[in-house]
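Let's take a walk through this fold together, starting inside and working outward. Keep the viewer open as you read.

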Amino acid sequence: MKSSTQTILAHTNIPRHIAVIMDGNGRWAKKRFMPRVMGHKKGLNALENMVKRCAGLGVQYLTVFAFSTENWRRPEEEVSFLMGLFLQALQKQVAALHDNNMRLRVIGDRSRFSAEIRRGIEAAEALTEGNSGFTLSIAADYGGRWDMLQAANKLAAEGEAITEEGMMRHLMLGDAPEPDLFIRTGGEKRISNFLLWQLAYAELYFTDTLWPDFDDAAIDAAIGSFQTRERRFGRTSEQLPPEQQRG
């Protein structure tokens, strides 16, 4: 895929690729005097809805941060629940994705997952591999620095010079367009080690809305914000075609 630092990406009114940090599940539950795990359950429903909404609007790729390399530091009970919820989603939701011509992929270091989860991932990816309508990527045990290191190590093992083209080829999302829009819910304004290479020219959108409450109206607001941005890729506003100039 083309790199935003080497070429000017084509203008699109609807983001081709949206990346999301789904933040605020625990706080959503706490506000309702529920266990944190109930927020994660509700968050899964929000993800299912976002997949439908994005696909319906013409978004081609959605990548969500489900579990970071740093999330292993959370309480053991919560980590165990998240692993169980992940497995449940793989077993129960993949058929719906497949029926709708959607592809599922999981990006990240799988070595710390149980054998059962690894088998579930492999089965889900194999089932949906040939689908072309929409791609949902789940970042699990993923970190942006880890992603760049594993790509560089692969290049070194092949005896290749470390170049931008080579790095892109070995990154987890090397065959997907770079995200046009990055969304983080929950009020925090950080990228938190997510897709550090790929977000170089993404439009950033932060919202106080907690992830379980991120509904169709919230999705539309984020895309609406994207549509007001000038995507210059180093150029001046005057160099843009008139229809791409804002304000």
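Start with Ile18 and look at what surrounds it in this predicted model. Setting aside neighbours up to four places away in sequence, Ile18 is in contact with Met50, Cys54, Val59, Tyr61, Leu62, Thr63, Leu181, Ile183 and Ile223. That list already hints at a larger group: the largest nonpolar core has 41 residues, and Ile18, Met50, Leu62 and Leu136 touch the most other members. Helix α3 (residues 76-99) supplies the largest share of this core, with 8 residues. There is also a second, separate core of 15 residues, which includes Phe65, Leu173, Phe194 and Ala202.

Now step back to see the whole chain. It holds 7 helices and 6 strands, and from the N terminus on these elements run β-α-α-β-α-β-α-β-α-α-β-β-α. Of its 247 residues, 49% count as buried. Among contacts with a separation of 6 or more, 73% join residues 24 or more positions apart in sequence.

Two helices are worth a slower look. The helix α2, home to Met50 and Cys54 among its buried residues, has 22 residues and reaches 32 Å from its first C-alpha to its last, close to the 32 Å expected at 1.5 Å a residue. Its other buried residues include Val37, His40, Leu44, Leu47 and Val51. As you leave the helix, pause at Gly58, just after α2, where phi is positive at about 100°.

The other helix is α7 (residues 216-227), with 12 residues and a reach of 16 Å from first C-alpha to last, close to the 16 Å expected at 1.5 Å a residue. Which residues of α7 are buried? They are Ala218, Ile219, Ala222, Ile223, Ser225 and Phe226. These residues cover an arc of only 155° around the axis, which puts them on the same side of α7. The spacing makes sense: an α-helix has 3.6 residues a turn, so residues three or four places apart point the same way. And what do the buried residues of α7 pack against? Their partners are β1 (17-21), α2 (36-57), β5 (181-184) and β6 (203-206). Ile223, one of these buried residues, is also among the contacts of Ile18.

Finally, turn to the annotated positions. An unreviewed UniProt entry lists Asp23 and Asn71 under "active site". They span 49 residues in sequence, yet no two of their C-alpha atoms are more than 12.3 Å apart, so they gather at one spot. Both Asp23 and Asn71 are included in the lining of the largest pocket. Under "binding site", the unreviewed UniProt entry lists Asp23 and Glu203, and of these the pocket lining includes Asp23.

Since Asp23 appears under both headings, let's see where this residue sits. Asp23 is found in the loop between β1 and α1 (25-31). Is Asp23 buried or exposed? Its relative accessibility is 17%, so Asp23 counts as buried, the cut-off being under 20%. Leaving out residues up to four places away in sequence, Asp23 touches Arg184, Thr185, Gly186, Glu188, Leu210 and Trp211.

Note on methods: Residues numbered from 1 in each chain as written. Predicted model: local features only at pLDDT ≥ 70, side-chain atom pairs only at ≥ 80, totals over all residues. Heavy atoms only, no water. Helix = DSSP H or I, 4+ residues; strand = E, 2+ residues; numbered from the N terminus. Expected span 1.5 Å × (residues − 1). Buried < 20%, exposed > 50% of the residue type's maximum accessible area, 1.4 Å probe, protein only. Arc of directions from axis to C-beta. Contact = heavy atoms within 4.5 Å. Core = buried A, V, L, I, M, F, W, Y, C linked by side-chain atoms within 4.5 Å. UniProt positions renumbered as here; feature names shortened; annotations may be inferred. 1 Å grid on protein atoms, 1.4 Å probe; cavity = no way out; pocket = protein on both sides within 12 Å on 5 of 7 lines; lining within 4 Å.
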